Amino acid sequence: MTGATTPLRQNALSRFASPVLLLAAMWAIQFADALLPGSFTGFGIRSWDPEGLLGIVLAPLLHASWAHLIGNSVPFLVLGLLVAVEGTRRFWTVTAIVAVVGGLGTWIFNAPGTVTVGASVLVFGYFGYTVVRVFAPGRVAHRIGYALIALVVIGVYGATMLAGVVGVSQGISWQAHLFGAIGGALAVFVGRRGGPAE
């Protein structure tokens, strides 16, 4: 019993390092954006512009203001850590799927020329993943555990997530929120294996 749990404890730090490092990168980029001339937000997703597709990779790391970054930081970290419980590889797989699905949905369905930035696409993606994860194949005990986590997540963030899609104010991309959540839900069933997390 002890031998089986020790590797999991040793791997916990490396698993949880991924969302922490990603958040640190966002903060470092925001500091650089504040110090350097010009603005990095132009590298976000520019809808209907083929060159704006590069923003699918860059947009989640960029923020329009400090308030924008601060508002995303806590839910990103909380939900990101919940995804990272399944392992480093799983975290980055989910992050990549959410970024691509959320980014493409934003690029297609937002008004032409609109520039979208922010980690909220990942926040909504991690939320979608955490909620839908209960329906993925797996042991009954794990599914019950994920169901309890999903209920807590819905209770804490559900109203905010719903408002982020149907009640957004001008200047906030409901497209990134909606398609990020769809990407997270799809990621539950992509590349899943029965072995232990890595």
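Helices and strands here are DSSP runs: a helix has at least four residues, a strand at least two, and both are numbered from the N terminus. With that in hand, the fold can be read off. The model is predicted.

**Overall layout**

Along the sequence, the protein chain runs α-β-α-α-α-β-α-α-α. That comes to seven helices and two strands. The chain has 198 residues, and 40% of them count as buried. Its accessible surface is about 10400 Å². Carbon and sulfur atoms hold 74% of that surface.

How do contacts spread along the sequence? Among contacts with a separation of 6 or more, 81% join residues 24 or more positions apart.

**A nonpolar patch**

Five names make up a nonpolar patch on the surface: L53, V100, L104, I108 and F109. Together they offer about 420 Å² of accessible area. One of them, I108, sits in helix α4, which spans residues 88-109.

**Two residues side by side**

L54 lies in a loop, between β1 (45-46) and α2 (55-58). Here is how L54 and I108 compare with the cut-offs.

| Residue | Relative accessible area | Class |
|---|---|---|
| I108 | 42% | partly exposed |
| L54 | 53% | exposed |

Why does I108 count as partly exposed? Its relative accessible area is 42%, and the partly exposed class lies between under 20% for buried and over 50% for exposed. L54 counts as exposed because its relative accessibility is 53%, and exposed means over 50%.

L54 also has a partner to look for. Its C-alpha atom is 7.5 Å from that of F43. Along the chain, L54 and F43 are 11 residues apart.

Notes
Residues numbered from 1 in each chain as written. Predicted model: local features only at pLDDT ≥ 70, side-chain atom pairs only at ≥ 80, totals over all residues. Heavy atoms only, no water. Patch = residues over 30% accessible without salt bridge, like charges linked within 9 Å, V, L, I, M, F, W, Y side chains within 5 Å. Areas by Shrake-Rupley, 256 points an atom, 1.4 Å probe, with all protein chains shown as cover. Salt bridge = Lys/Arg side-chain N within 4 Å of Asp/Glu carboxyl O. Buried < 20%, exposed > 50% of the residue type's maximum accessible area, 1.4 Å probe, protein only. Contact = heavy atoms within 4.5 Å.
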